[in-house]
Amino acid sequence: MRRVLFITGLSFSLFLTGCQVVNTTSGGAVGVERKQYMFSMLSAQQVDQMYAESYSSSVNKAKSSGALANETAEGKRVRTIAKRLIDRVSYFRPDAAAWDWQVNLVKNDELNANCGPGGKIFVYTGLIQQLKLTDDELAAVMGHEIAHALREHSREKMSRAYALQLGQSLGGALLGLNQSSMQIANKVTEVGLSLPFSRSNENEADLIGLELAARAGYNPNAALSLWQKFAQASARMGNKTPELLSTHPSDESRMASIQAAVPKVMPLYQASRKS
């Protein structure tokens with residue numbers, strides 16, 4: 001066990017040594033203030049470019065297969081909501097207003113949406129249709145995804161993964177661990193460092209997304225009904241993972257965090273509706 005803890009500590013030390021502290025967003029009314037560590041050799045521009053190429057390829061593939069649904073009523077609805085949310089991103093980071101934002105609705109039965117680095121958004125029709133999302137609920141999930149991009153969670157995750165891999169490889173070589181021991185070390189590192197880190201990202205996206213939606217004139221209470229629908233869909237599919245071993249918060253933790261933040265953003269929603 002000492003060897004496993006040594007590798008975990010070495011990974012964390014390498015992570016801190018090779019990184020710079022950055023402040024991607026302001027805290028907002030919801031108070032997201034966590035310090036972030038990014039590898040200096042991995043710039044935001046590099047990550048944005050890599051993802052832009054992948055995104056463009058995916059869009060072209062969807063277009064060639066007839067899966068793009070941008071010109072449908074749902075597609076126009078998605079783009080209208082996205083525009084209102086994007087118009088408010090400067091409250092968290094002014095430079096994001098100048099990103100090359102792209103929004104595409106794809107015909108796919110998965111309950112999924114994503115906003116990658118640099119503001120590249122995908123929404124799947126299955127998410128809207130199967131959960132029967134209202135505009136407020138759709139704004140909540142899109143705000144959540146946009147928040148991931150604003151906080152550069154992808155770049156942060158890449159930085160951390162690089163440090164963990166480097167630390168495990170170096171530690172294993174120094175200690176002469178066999179494959180079985182390395183597997184144990186990998187699992188301890190994952191549970192002790194990687195998974196809680198991912199849950200922290202999800203909580204930040206929930207809170208920033210909640211404020212973005214409120215500022216755009218969407219009822220923040222819809223975030224609660226949205227995640228209730230997700231929880232019900234997950235239960236139907238039998239997909240229930242203990243929070244300790246999940247990259248997402250438990251439904252109970254998520255709902256409690258959102259519920260506590262709603263009063264902070266409700267005045268923003270009310271002001272937006274008046275204007």
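Gln36 is a buried residue, with a relative accessible area of 0%, and the model in which it appears is a predicted one. This residue is found in strand β2, which covers residues 36–39. Buried or exposed is a matter of cut-offs, and because buried means under 20% relative accessible area, the 0% of Gln36 places this residue in the buried class. The side chain of Gln36 reaches the backbone oxygen of Arg151 at a distance of 2.7 Å. Leaving aside residues up to four places away in sequence, Gln36 touches Gln20, Val21, Val22, Thr24, Arg151, His153 and Glu156.

**The chain as a whole**

The chain contains nine helices and five strands, and from the N terminus on these elements follow the order α-β-β-α-α-β-β-β-α-α-α-α-α-α. Of its 275 residues, 48% count as buried, and the accessible surface comes to about 13600 Å², of which 53% belongs to carbon and sulfur atoms. Among the contacts with a separation of 6 or more, 74% are made by residues that lie 24 or more positions apart.

**Salt bridges**

Side chains of opposite charge can pair when their charged atoms come close. In this chain the count comes to twelve salt bridges, and three of them are set out below with the distance between nitrogen and oxygen.

| Pair | N to O distance |
|---|---|
| Glu204 and Arg34 | 2.5 Å |
| Asp87 and Lys83 | 3.1 Å |
| Arg215 and Glu211 | 3.0 Å |

What does the salt bridge between Glu204 and Arg34 tie together? Glu204 lies in helix α7, which spans residues 179–215, while Arg34 lies in the loop between β1 (19–22) and β2, so the pair ties together parts that are 170 residues apart in sequence. The two partners fall into separate accessibility classes: Glu204 counts as buried at 5% relative accessibility, whereas Arg34 is partly exposed, with a relative accessible area of 25%.

The salt bridge between Asp87 and Lys83 joins a residue that is partly exposed, Asp87, with a relative accessible area of 43%, to one that is exposed, Lys83, with a relative accessible area of 53%. The value for Lys83 is over 50%, and therefore this residue is classed as exposed.

The salt bridge between Arg215 and Glu211 lies within helix α7, where the two residues are four apart and are therefore separated by about one helical turn. Arg215 is buried, and Glu211 is buried as well. Elsewhere, salt bridges that share partners join Arg34, Arg151, Glu156 and Glu204 into one network.

**Arg34 and its partners**

Arg34, one of the members of that network, is found in the loop between β1 and β2. Which other side chains does Arg34 meet in polar contacts? A polar contact of 2.7 Å joins the side chain of Arg34 to that of Glu156, and another, of 3.2 Å, is made with the side chain of Asn201. Along the chain, Arg34 and Val22 are twelve residues apart, and their C-alpha atoms are separated by 9.9 Å.

Two of the residues named here also return us to the starting point, since Arg151 and Glu156, which belong to the network with Arg34 and Glu204, are among the residues that Gln36 touches.

Definitions and conventions:
Residues are numbered from 1 along each chain as its sequence is written. This is a predicted model: local features need pLDDT of at least 70, side-chain atom pairs count only at pLDDT 80 or more; totals for chains, interfaces and linings use all residues. Side-chain values use heavy atoms; hydrogens and water are left out. Buried means under 20% relative accessible area, exposed over 50%, partly exposed in between (1.4 Å probe, protein chains only). Contact means heavy atoms within 4.5 Å. Accessible areas come from the Shrake-Rupley method with a 1.4 Å probe; for residues, only the protein chains shown count as cover. A polar contact is a pair of N or O atoms within 3.5 Å; within protein, one must be able to donate a hydrogen and the other to accept it, and residues adjacent in sequence count only if both atoms are side-chain atoms. A salt bridge is a side-chain nitrogen of Lys or Arg within 4 Å of a carboxyl oxygen of Asp or Glu.
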